[in-house]
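Open the model in your viewer and keep the selection box handy. We will go from stop to stop, and at each one I will tell you what to pick and what is there.

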Amino acid sequence: MKYFILTDLEGVAGTDSFAQTRTENRARKYSSMKQLAAEANACIEGIRSIDSEAEVVVWDGHGSGGLDEEDLRGATYIPPQQKPYFNLSGYAAMLFVGQHAMAGTFHAPLCHTFNSRNIVYYRLNDVYVGEFAVRALVAGLQGVPTILLAGDDKAAAEARCFIPDIELAVVKRGKGLEEAEHLSADAACSLVREASARAVSRHQEIEPFTAFAAPFILEIRYNERPSMTKWNENQAEWIDDRTIRITSDSINDLPF
């Protein structure tokens with residue numbers, strides 16, 4: 001079978017400062033990136049412990065890059081400039097590694113929704129959502145279940161709200177926006193490996209997430225109004241100076 005691993009950097013063990021996630025200077029060696037690779041490799045190992053012939057694709061979902069391709073073992077790497085989860089034909093399941101909670105979550109380390117500098121919230125069809133829910137929805141509407149979240153405890157609680165049967169690997173517990181109690185690097189990888197194996201062994205028991213249906217009404221609130229957006233007046237309206245509402249019949253047209 002074929003599995004899609006969606007990665008991010010803020011949810012890995014040992015990372016609790018935004019400075020550790022600003023990876024624009026790729027000449028620098030980031031311990032957070034090495035840990036993400038280790039946790040992604042542990043996820044791959046967990047998958048293959050159940051399905052030895054599994055094909056695994058890993059997407060680097062961190063905007064400035066969270067993975068070095070050469071650090072991955074036995075998987076196909078897709079860089080962050082692409083959004084491959086909009087086409088998951090042929091995949092058995094999706095798994096999240098390194099995931100953080102949505103913007104505004106109490107005591108959630110490094111919580112944000114897509115843009116940590118300028119997004120206050122996303123609200124889809126009147127429900128507050130983060131990166132996890134909307135991407136699980138994109139997968140679910142294609143018939144692909146989301147079976148694992150590895151990340152902090154607040155992200156795990158968020159995932160369980162939307163997908164009660166999901167497997168979890170909690171590698172740190174949040175104490176504030178930039179404060180957390182962490183498992184050791186090795187313990188975190190062991191936990192991810194074990195949870196991934198459980199997830200794959202019961203992936204047919206976990207239903208695709210399809211709780212939202214068209215028309216999709218997405219409200220985005222910004223800290224500061226962007227100087228420009230790609231939306232035209234037929235797709236979106238400004239509710240106030242910092243809040244935009246986008247309406248679409250297609251999930252693929254929304255900024256997920």
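Select residues 185-201 to begin: this is helix 4, which lies across strand 1, strand 7 and strand 8. The helix runs at about 140 degrees to strand 8. Contact here means heavy atoms within 4.5 Å, and axes are lines fitted to C-alpha atoms, for helices over the stretch in contact, with angles from 0 to 180 degrees between N-to-C directions. Helices (H or I, at least four residues) and strands (E, at least two) are DSSP runs, numbered from the N terminus.

Before moving on, note that this is a predicted model, in which local features need pLDDT of at least 70 and side-chain atom pairs count only at pLDDT 80 or more, while totals for chains, interfaces and linings use all residues. Residues are numbered from 1 along each chain as its sequence is written, and side-chain values use heavy atoms, with hydrogens and water left out.

Next, pick residues 131-140. This is helix 2, lying across strand 1 (2-7), strand 2 (55-60), strand 4 (93-99) and strand 7. Relative to strand 4, helix 2 runs at about 165 degrees.

**The sheet**

Now show the strands. Seven of them make an open sheet with mixed pairing, in the order 3-2-1-4-7-8-9; two strands pair if DSSP finds at least two bridges between them. Strand 3 (76-78) and strand 9 (179-182) are at the edges with a single partner strand each, so one side of each has no neighbour in the sheet. From one strand to the next, the twist averages 25 degrees.

Zoom in on residues 146-152 and 167-176, which are strand 7 and strand 8: they run parallel and are joined by five bridges. Which residue of strand 8 is the bridge partner of L149? Select L168 to see it.

**Aromatic stops**

Show the side chains of W59 and Y85. Their ring centres are 5.2 Å apart and their planes stand at 65 degrees, so the pair is edge-to-face. Rings of Phe, Tyr and Trp (its six-membered ring) pair if their centres lie within 6.5 Å; planes under 30 degrees apart count as stacked, over 60 as edge-to-face and the rest as tilted. W59 belongs to strand 2 and Y85 to the loop between strand 3 and strand 4, 26 residues apart.

Are these two buried or exposed? W59 is buried at 2% relative accessible area, and Y85 is buried at 0%. The cut-offs are under 20% for buried and over 50% for exposed, with partly exposed in between (1.4 Å probe, protein chains only). Add F86 to the selection, and you have one aromatic cluster of W59, Y85 and F86.

**Charged stops**

Side chains of opposite charge can pair when their charged atoms come close. Pick K2 and E55, whose side chains form a salt bridge (3.9 Å, N to O); the term means a side-chain nitrogen of Lys or Arg within 4 Å of a carboxyl oxygen of Asp or Glu. K2 is in strand 1 and E55 in strand 2, 53 residues apart.

Return to helix 2 for R135 and E131, another salt bridge at 3.7 Å, N to O. They are four residues apart, about one turn of the helix, and both are buried.

For the last stop, select R245 and E237, a salt bridge with its closest N and O atoms 3.2 Å apart. Then add R123 and E219: salt bridges with shared partners join these four, R123, E219, E237 and R245, into one network.
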